[in-house]
Amino acid sequence: MTETTPPRRGVALWIQIVIWLFLVGLLVIVALGLSRRQQGTVQPGQVIDNFSLTLYSGYELDGASQVNLDDLRGKVVVINFWASWCKPCEQEAAELQQAWTEYEPTGEVMFLGVDYVDTETDARVYLKKFGITYPNGADLATKISQYFRVKAVPETYFVDKEGVLRFVQVGPFFSVDHIRAQIDPLLK
Amino acid sequence: MPKRRIRNTQYAILLILLATLFATLSVALAQGTSPTDDEVNKIAKKLYCPVCENTPLDVCPTEACRQWREQIREMLSEGKSEAEIVDYFAVTYGERASGDPRDKLKAYLVPAMAILLGAALLVSALRAWRKPLVAESAIPKSDAKPVQQDEYISRVEEELKKRN
């Protein structure tokens, strides 16, 4: 038994290549987005890139209204993300200030408060209420929190003297001892 | 009652009336300059909650949103325009705070181009897939080349013939 063979004229090769490239590209974009969402915060061991924090007036660092992370190399840097509307942040505010008071005279530790999607008026009320004195500023355009992949406030990042992230605290600290336990090993 | 006492009482009443009038006017003037909730919400509708994704600011119940609405009210009181306020929020809190992207070229043109490209590719592919059918019918049956029938299909056909 015999049958006629249809001439084999499919889709042009270049069209097939373009369609497949388009689909693969789309899948890569979706996969990258999903993996980034599931990554969580930046992980300890990672060198933290430089960023600039514009400080609130009255909370400057040595009179400068802007601080760069790179300028703090050689010091342990404690980066605390907070907001005035955040109730858990209030639980650790006094502890952070107490720890800052203890470490400030050593000159080896710097605390930076990064105010996350907040209004300056309410932020100032908060800072005054808890007597916070370490440098604080707004996370403009949420660039810093996006870099650290902050999910919620409060979150605190401990960067060692070489600029390497050593510890991440998600949620509030409940005691000064808890804060000391993260800073002291980085001073040795 | 001495005349002087009566006059003093009249002065006192007049003074109280003037004070009341002044206080009422002050309150009325203060209310007049403060933006209404509708004015605030008109702008808040164009902004999005920084904490809960995809929730417009005017209906968001969180404390963060309440503070933002107050910020809008303050800026309106200072005489800022709607565009200035939306721009301030986009610069201070990032593009995601604004419902209207600033880089319209990137936000609208790129997806539109991608859709057009996809549609063009699809049309092109469908046309190419339809061509063989036309080509097949155009070939005279006498010119058709014989092909080797699959052995399995031949056996199935034979079995079917037997059953019929």
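**Exercise 1. Two helices of chain A**

Task: In this predicted model, work out how H2(A) and H5(A) are oriented to each other, and which residues bring them together.

Solution:
- Start with the geometry: helix H2 (residues 87–103) and helix H5 (residues 176–187) of chain A pack at an angle of about 50°, and their axes are 9 Å apart.
- Now classify the angle. Angles under 35 degrees count as roughly parallel, and 65 to 115 as roughly perpendicular. H2(A) and H5(A) are therefore oblique to each other.
- Add the handedness: H2(A) and H5(A) cross in a right-handed way.
- Then find the residues that make the contact. H2(A) supplies A:Glu95, A:Leu96, A:Gln98, A:Ala99 and A:Tyr103, while H5(A) supplies A:Val176, A:Ile179, A:Arg180 and A:Ile183.
- Finally, sort them by class: the contact of H2(A) with H5(A) has six nonpolar, one polar and two charged residues.

**Exercise 2. A helix pair in chain B**

Task: Decide how H2(B) lies relative to H3(B), then describe their contact.

Solution:
- Helix H2 (residues 37–44) and helix H3 (residues 63–77) of chain B pack at an angle of about 110°, with 9 Å between their axes.
- An angle of 65 to 115 degrees counts as roughly perpendicular, and that makes H2(B) roughly perpendicular to H3(B).
- The crossing of this pair, H2(B) and H3(B), is right-handed.
- On the H2(B) side you will find B:Glu39, B:Val40, B:Ile43 and B:Ala44, which meet B:Arg69, B:Ile72, B:Arg73 and B:Leu76 of H3(B).
- By class, the contact of H2(B) with H3(B) has five nonpolar, no polar and three charged residues.

**Exercise 3. The sheet of chain A**

Task: Put the strands of the chain A sheet in order, and explain why S2 and S7 each have one side without a neighbour.

Solution:
- The sheet is open and has seven strands, in the order S2-S1-S5-S4-S3-S6-S7, with mixed pairing.
- Look at the two ends of that order. Strand S2 (66–68) and strand S7 (165–170) of chain A stand at the edges with a single partner strand each, so one side of each has no neighbour in the sheet.
- From one strand to the next, the twist averages 30°.
- Next, take one pair inside the order: strand S3 (residues 76–82) and strand S4 (residues 109–115) of chain A pair in the parallel sense, over seven bridges.
- Two matches let you trace this pair in the viewer: A:Val76 stands opposite A:Val109 in S4(A), and A:Val78 has A:Phe111 of S4(A) as its bridge partner.

**Exercise 4. Is S4(A) enclosed or open?**

Task: Use burial to judge how far S4(A) is enclosed by the rest of the structure.

Solution:
- Take one face at a time. On one side, A:Val109, A:Phe111, A:Gly113 and A:Asp115 are all buried.
- On the other side, A:Met110, A:Leu112 and A:Val114 are buried as well, which leaves both faces of S4(A) covered.
- Count along the strand: seven of the seven residues of S4(A) are buried, so it is largely enclosed by the rest of the structure.

**Exercise 5. Backbone details in the loops of chain A**

Task: Locate a cis peptide bond and two residues with positive phi, then compare the surroundings of A:Thr142 and A:Arg149.

Solution:
- The cis bond runs from A:Val153 to A:Pro154, with omega near 5°. A:Pro154 lies in the loop between helix H4 (143–148) and strand S6 (155–159) of chain A.
- A:Arg149 is found in the loop between H4 and S6 of chain A, and has a positive phi, near 55°.
- A:Thr142 also has a positive phi near 55°, and sits in the loop between strand S5 (136–138) and H4 of chain A.
- To judge burial, apply the cut-off of 20 or more other C-beta atoms within 10 Å. A:Thr142 has 20 of them and is buried, whereas A:Arg149, with 14 C-beta neighbours inside 10 Å, counts as partly exposed.

**Exercise 6. The two chains side by side**

Task: Draw up a short profile of chain A and of chain B.

Solution:
- Chain A has five helices and seven strands, in the pattern α-β-β-β-α-β-α-β-α-β-β-α along the sequence.
- Chain B has six helices and zero strands, and its elements run α-α-α-α-α-α from the N terminus.
- For burial, 31% of the 188 residues in chain A are buried, and 12% of the 164 residues in chain B.
- Lastly, consider contacts with a separation of 6 or more: residues 24 or more positions apart account for 73% of these in chain A and 45% in chain B.

Terms used
Residues are numbered from 1 along each chain as its sequence is written. Chains are lettered from A and ligands numbered from 1 in the order in which they are written. This is a predicted model: local features need pLDDT of at least 70, side-chain atom pairs count only at pLDDT 80 or more; totals for chains, interfaces and linings use all residues. Two strands pair if DSSP finds at least two bridges between them. Helices (H or I, at least four residues) and strands (E, at least two) are DSSP runs, numbered from the N terminus. Axes are lines fitted to C-alpha atoms, for helices over the stretch in contact, and angles run from 0 to 180 degrees between N-to-C directions. Angles under 35 degrees count as roughly parallel, over 145 as roughly antiparallel, 65 to 115 as roughly perpendicular and the rest as oblique. A crossing is left-handed if the near helix is turned anticlockwise from the far one by less than a right angle, and right-handed if clockwise. Two residues are in contact if their C-beta atoms, placed from the backbone, lie within 7 Å. Ala, Val, Leu, Ile, Met, Phe, Trp, Tyr, Cys and Pro count as nonpolar, Asp, Glu, Lys and Arg as charged, and the others, Gly among them, as polar.
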